[in-house]
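Have your viewer open and your selection tool ready. We will start at the ligand and work outwards from there.

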Amino acid sequence: MSRTVITFGTFDVFHVGHLRVLQRAAALGDRLVVGVSADALNIRKKGRAPVFSERERIEIVSALRVVDEVFVEESLELKRDYVLEHSADVLVMGDDWAGRFDELSDVCEVVYLPRTPAISTTAIIEHIADL
Ligand code: C2G
């Protein structure tokens, strides 16, 4: 039986921390499905639009060898629906979300992976702004 892994993220200003979490997520199964946060979700969540649009972020994530399918994540509250819709066996999130999705462990395995240290979209934006 093939094992489907699902993960979520904004993946704005795509960097090596994003790549590594996707590679490690893919290694936990046979198929990786990625929910990329909608621009509107980001504005609601972070109070600003992402640097790269939803279309551009989806284009980047879809092009990765480890990614099999990409869809738009419209709401943080729909995780259970997305897991069921994509028949996911494992939900993977970075450990900045540790504990947040444990309630889904009745429908899939829930795994939190350690974040890659010292890199983030915010830090990159601040670094560039300071140049
Ligand atoms: N990540 C990581 N190491 C970093 C930065 C990010 O492992 N240095 C991981 C995060 O833990 C997350 C993924 O990369 O699993 C995507 O990160 P973000 O784009 O920051 O995603 P976020 O805005 O947290 O959106 O439903 C959940 C949201 O869509 C997650």
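Select F11 together with the ligand: a backbone N or O atom of F11 lies 2.8 Å from an oxygen atom of the ligand. Keep in mind as you click around that this is a predicted model.

Next, add D96. Here the partner is in the side chain, with a polar atom 2.7 Å from an oxygen atom of the ligand. Then pick W97, where an N or O atom of the side chain is 3.0 Å from a ligand oxygen atom. Now show a surface on the protein. How much of the ligand's accessible area does the protein cover? On its own the ligand has 630 Å² of accessible area, and the protein covers 95% of that.

Widen the selection to the shell around the ligand, which has 21 residues. The closest are E73, K79, D96, T116 and I119, so you will meet D96 again here. Colour the shell by class and you should find seven nonpolar, eight polar and six charged residues. Which element gives the largest share of this shell? That is α1, with three residues.

Time to show the empty space itself. The ligand sits in the largest pocket; the elements that supply two or more residues to the shell around the ligand are β1, α1, α2 and β4. The largest pocket has a volume of about 620 Å³. Its lining is made of 30 residues, and T10, H18, D96, W97 and R115 are the closest to its centre.

Colour the lining by class too: eight residues are nonpolar, 13 are polar and nine are charged.

For the last stop, switch to a cartoon view and select these elements, each of which supplies at least two residues of the pocket lining:

- β1, residues 4–9
- α1, residues 16–26
- α2, residues 39–46
- β4, residues 90–94
- α5, residues 121–130

Finish on α1, which gives the most to the lining, with four residues.

Note on methods: Residues are numbered from 1 along each chain as its sequence is written. This is a predicted model: local features need pLDDT of at least 70, side-chain atom pairs count only at pLDDT 80 or more; totals for chains, interfaces and linings use all residues. Side-chain values use heavy atoms; hydrogens and water are left out. On a 1 Å grid over the protein atoms alone, a cavity is a set of points where a 1.4 Å probe fits but cannot get out, and a pocket is an open set with protein on both sides within 12 Å along at least five of seven lines; lining residues have an atom within 4 Å of a point. Grid points are joined across faces, edges and corners, and a volume is the space filled by probe spheres set on the points. Ala, Val, Leu, Ile, Met, Phe, Trp, Tyr, Cys and Pro count as nonpolar, Asp, Glu, Lys and Arg as charged, and the others, Gly among them, as polar. A residue is near a molecule or strand if one of its heavy atoms lies within 4 Å of it. A polar contact is a pair of N or O atoms within 3.5 Å; within protein, one must be able to donate a hydrogen and the other to accept it, and residues adjacent in sequence count only if both atoms are side-chain atoms. Accessible areas come from the Shrake-Rupley method with a 1.4 Å probe; for residues, only the protein chains shown count as cover. A molecule sits in a cavity or pocket if more than half of its atoms lie within 2 Å of its grid points.
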